Structure formats: structure tokens, C-alpha cells
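User: Could you give me a close look at the charged side chains, covering how they pair up and what sits around them? I'd like one connected walk-through rather than a list.

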Amino acid sequence: MFLVILGSLFFYGYWNPAYIPLPIALVIFTYWAGLKIEKTFNNQTRANLLSFFLVLLFCPLIFFKYLNFIIKNLSFFVSSLHNSNISITLPLGISFITFTLAAYLIDIYRGKFPVERNFLALLSSVVFFPHLIAGPIVRPSQLLPQLKRWNSTANTKFKFGILLFAVGLFKKLVFADSIAQFVNQAYSISASELTIWSHLMAFYGFTLQIYCDFSGYTDMALGLSWLLGIRLPGNFNSPYASSSLIEFWRRWHITLSSWLKDYLYIPLGGRATSFLGQLKNVMITMILGGLWHGANWTFVVWGMFHGIGIGLNHIYRKVTPQTKLPQIVSYFITFHFVAIGWVFFRAPKLSQAISILSGFNSKPWDLSLFPREYFFGLLLFIVFIVTHRWDRHSIYRLFSKKLTTSIILAISIMLVIASLALKSGNSAEFIYFDF
């Protein structure tokens with residue numbers, strides 16, 4: 001356990017050693033807060049303590065991630081704040097760390113998880129390096145018991161872990177980073193210079209990039225955990241194969257979706273209220289979920305957009321309970337609704353997102369300019385359509401149960417070599433490192 005902590009803090013500090021004390025301080029505070037809640041028997045006092053501790057726990061996140069956003073928006077009302085901007089570097093993984101610790105305190109308050117009296121065990125579960133920076137968001141009940149009985153020699157799923165890591169690396173270096181070149185180019189030029197190719201790459205390209213990038217990271221995190229004999233919860237289950245937006249959020253970033261449901265949507269009232277109340281709770285949850293991703297109005301609009309979509313989904317089901325669209329139509333509508341939302345997620349400004357979505361008639365195709373890019377984009381799209389339904393379960397069923405360890409190892413090595421050989425320049429940072 002001590003080795004896990006040291007290795008994880010070295011991994012975290014390699015990016016910026018100055019931020020190593022931050023996760024330690026947050027865990028120390030949460031450890032103490034959990035003990036205080038446990039020792040308090042009066043229900044109202046417990047509730048007040050939990051609220052107070054959660055406010056304090058979220059203060060560093062608000063400071064590092066949202067302070068400039070708050071100042072910028074207050075400047076519309078307070079003239080002295082104009083052009084005020086504090087130089088703050090966002091620590092890696094602070095959102096994931098905060099959500100993990102908040103779940104720990106809330107579960108103690110609800111009596112769903114006992115207080116952890118071993119401080120090192122709690123610290124190791126939070127800073128466990130595979131999920132430290134970009135998730136999945138792991139709850140105490142999912143990881144703490146495994147670490148406390150951890151045996152580093154019990155790598156019973158070695159071949160699955162190494163294969164999953166290799167698949168994730170391939171997704172990131174070959175697919176995500178290759179597509180990123182064209183997506184970044186599309187978002188870096190002015191609206192007047194956008195061609196139809198640029199629009200398509202901004203629209204479809206980022207939809208493919210973010211899936212390959214984030215699911216690639218998750219595959220690598222889960223693979224490394226398997227190698228260490230630890231099982232982390234999955235974060236994706238073929239999200240673009242969803243036939244409704246409700247289903248999409250059960251398949252995309254699963255640990256965040258379940259966190260928002262259990263710790264925000266249900267406490268707001270969930271479905272235990274009127275139908276309009278349910279729609280209101282969905283909207284609040286999705287807007288805050290959007291804001292969790294970043295301090296920008298584009299994320300607020302993205303969350304609101306999904307809130308409206310889920311609300312319409314619920315209304316459609318209520319009004320026409322016996323009517324079902326053909327499955328291919330449902331797939332098409334859901335995929336393109338999600339793709340429209342990703343434009344707001346990716347664009348730095350709302351104006352750019354709107355220009356991308358409204359400007360498909362700006363410039364015609366120019367096949368003479370980028371023949372390689374068109375072919376490459378088409379090829380990646382075809383490969384993605386063929387492979388995007390391969391989640392970790394599919395990989396496990398297809399390879400790990402049917403092939404020997406030596407063959408799995410050979411396939412994994414080939415994937416790693418192919419990833420390094422086919423990667424495009426320097427590997428870009430994982431998208432969710434910013435959150």
C-alpha cells in the first residue's frame with residue numbers, strides 16, 4: 001500500500017511537483033471530516049456537518065477551476081473587475097479527486113460505507129495512479145476493500161490487462177491523435193475560412209476523437225489496474241450504439257453519470273416528484289454536469305443542450321408509450337444529437353460553435369487541397385464505425401478467454417509497436433486531463 005502511494009504521488013508530481021501536497025491535504029481533511037460525522041449522532045447536526053464539510057472540500061476546486069470564470073462574469077456588474085485575470089494553473093485530476101472524496105463523505109453520512117480508520121488506505125484509494133488524473137471516478141466501496149487485501153502477485157488477469165492497455169494505447173496514438181490534427185485545424189481558423197471539410201472534421205471528427213481519446217485512456221487505466229490485480233469500474237459501454245439520449249448517458253462516462261445521479265439528481269428529488277419536477281431535476285443535473293467539465297459558458301450550454309434532449313426523450317416516452325421509432329432512425333438521431341453537442345464542448349467560444357453548426361454552406365468542397373486528408377478521414381471513420389462497439393467486455397470475450405497468454409502477449413506487443421509506428425508526431429495530452 002505504501003508503495004502504491006509513493007508511486008502514485010511520483011506519477012502525479014512528475015507533471016508539477018508543487019501540487020503534490022494538494023491531494024494529500026484533501027485526503028487529510030476528508031479523513032478527519034469522516035471521523036467527525038461518524039461521532040455525531042444527532043441527525044440535523046450530521047446533515048449540517050456534511051454540508052459544511054462538502055463546501056470546504058469543494059473550495060479548492062472552485063478556486064483553481066472557476067475563480068477566473070466567476071470574476072469574468074462579475075465584471076459585467078462590477079467595473080473594477082474588468083480585465084482582472086488571476087494566473088492559476090489547474091492541478092491535474094482535481095475534479096476527479098474532489099468527486100471521489102465527496103462520495104466518501106456522503107456514503108458515510110448515509111450509512112452506506114463505514115469510516116476508514118486507516119489513513120494510508122484512504123490515501124492510496126484516492127491517489128491510485130491509473131484513475132488519479134482522468135478517472136474513472138471510483139467510490140470507496142469499489143476500491144478500498146481491494147487495496148486493503150491487495151496482493152501484488154495475484155495478477156490473475158494479466159493477459160487481459162496487457163491487451164486492454166495495448167488497445168487503449170492504439171486508440172489514443174493512432175486514432176485520437178491522428179484525428180486531432182484535422183480537428184484542431186478546423187477549430188483554429190476563422191469562420192470565413194471554413195470549408196465543408198473543416199465543418200465535417202469539427203462536427204464528426206471531434207465526435208470520434210473524444211471517444212477514442214477518453215475511452216483509450218480508460219482502457220489503459222483499467223489495463224494497468226488489472227496488471228496490479230485491481231479491478232476498476234468501466235466507464236464506457238459502446239456509447240455511440242445508443243438508441244436514445246437516456247441510454248447514451250448510461251453508456252458514456254458511466255462513473256460520472258452514476259455519480260451525478262446518486263449524489264445530485266436523487267437528492268434533488270429524482271423521480272420522486274411530479275413529471276415537471278423530474279424534468280427540472282434533469283436540467284439542473286446536466287447543467288452542473290456540464291459546468292463540472294470546465295469554466296466556460298460553452299460547457300453550460302452543452303449541459304443544457306443534453307438536459308433539454310433528455311427531457312424531450314422523457315416527454316416522448318410519456319406521450320407515446322406504445323410508439324417506437326425504427327432502431328436505425330433512433331441510432332441516427334441520437335448520434336447526431338450528441339455530435340451537435342460536442343461542437344459546443346470543443347469550441348472555445350459560443351460564437352465559434354454557432355458558426356460551425358450554421359456554416360455548412362460557407363465554402364464548397366475543394367478536393368485538390370487535401371486529397372490525403374479526405375481519404376484519411378474517410379478511412380478513420382470507416383474503421384471507427386467497425387470497431388467502436390468493442391468495449392472491454394467484447395475484447396475479453398473475443399481474445400482473453402479463447403487465446404493463450406503467449407498469443408495475447410504477441411498481439412499486445414504488435415499493437416504497441418503499431419501504435420508507436422503509426423502515431424502522428426508528438427502525442428497530444430489526453431482531453432480529460434483538463435477536467
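Analyst: **Charged side chains up close**

Arg250 has 58% relative accessibility, so it counts as exposed (buried is under 20% relative accessible area, exposed over 50%, partly exposed in between, with a 1.4 Å probe and protein chains only). This is a predicted model, so local features need pLDDT of at least 70 and side-chain atom pairs pLDDT 80 or more, while totals for chains, interfaces and linings use all residues. Numbering runs from 1 along each chain as its sequence is written, and side-chain values use heavy atoms, leaving out hydrogens and water.

Arg250 sits in helix H10, residues 245-251 (helices are DSSP runs of H or I with at least four residues, strands are E runs with at least two, numbered from the N terminus). Together with Lys261, Arg271, Arg317 and Lys324, Arg250 forms a positive surface patch. A patch takes residues with over 30% relative accessible area and no salt bridge, joining like charges within 9 Å and nonpolar side chains (Val, Leu, Ile, Met, Phe, Trp, Tyr) within 5 Å. Lys and Arg are the positives, Asp and Glu the negatives, with His and chain ends not counted; each charge is placed at NZ of Lys, CZ of Arg, CG of Asp or CD of Glu.

Now for the charges that do find a partner. Side chains of opposite charge can pair when their charged atoms come close. Searching the whole structure turns up seven salt bridges (a Lys or Arg side-chain nitrogen within 4 Å of an Asp or Glu carboxyl oxygen).

One of them joins Asp262 to Arg139, at 2.8 Å from N to O. Asp262 belongs to helix H11, while Arg139 is in the loop between helix H6 (129-132) and helix H7 (140-148), so this bridge ties together parts that are 123 residues apart in sequence. The two ends sit in unlike settings: Asp262 is partly exposed at 22% relative accessibility, whereas Arg139 is buried, with a relative accessible area of 15%.

Another bridge pairs Lys171 with Asp219, at 2.9 Å N to O. Lys171 comes from helix H8 (residues 158-188) and Asp219 from helix H9, so parts 48 residues apart in sequence are tied together here. Both Lys171 and Asp219 are buried.

Next door in sequence numbering, Lys172 meets Asp213 in a salt bridge of 2.7 Å, N to O. Once more H8 supplies the Lys, here Lys172, and H9 the Asp, here Asp213, so the bridge ties parts that lie 41 residues apart in sequence. How buried or exposed is Lys172? Lys172 is buried, with a relative accessible area of 2%, and Asp213 counts as buried at 2% as well. Salt bridges with shared partners also bring in Asp177, making one network of Lys172, Asp177 and Asp213.

What surrounds these helices? In H9, which spans residues 196-227, you also find Tyr217, buried at 8% relative accessibility. Setting aside neighbours within four places in sequence, Tyr217 contacts Phe129, Pro130, His131, Ile133, Ala134, Gly135, Phe430 and Phe433 (contact means heavy atoms within 4.5 Å). Take Ala134: its C-alpha is 7.9 Å from that of Tyr217, although 83 residues separate them along the chain.

H11, which runs over residues 254-268, holds Thr255 too, and Thr255 is buried with 5% relative accessible area. Beyond residues up to four places away in sequence, Thr255 touches Pro136, Ile137, Pro233, Gly234 and Asn235.

Two loop residues deserve a look at their backbone. Ser238, in the loop between H9 and H10, has a positive phi of about 50 degrees despite not being a glycine, and Ser238 counts as buried at 5% relative accessibility. His253, in the loop between H10 and H11, likewise has a positive phi, about 45 degrees, without being a glycine. With a relative accessible area of 0%, His253 is buried.

For a contrast to the charged patch, there is a nonpolar one: Tyr316, Leu325, Ile328, Val329, Phe332 and Ile333 make about 570 Å² of surface (areas come from Shrake-Rupley with a 1.4 Å probe; for residues, only the protein chains shown count as cover). Helix H14, residues 327-346, gives the most, with four residues. Ile333 is in H14 and is partly exposed at 46% relative accessibility.

Zooming out, the protein has 18 helices and zero strands, and 50% of its 435 residues count as buried. Of contacts between residues at least 6 apart in sequence, 77% join residues at least 24 apart.
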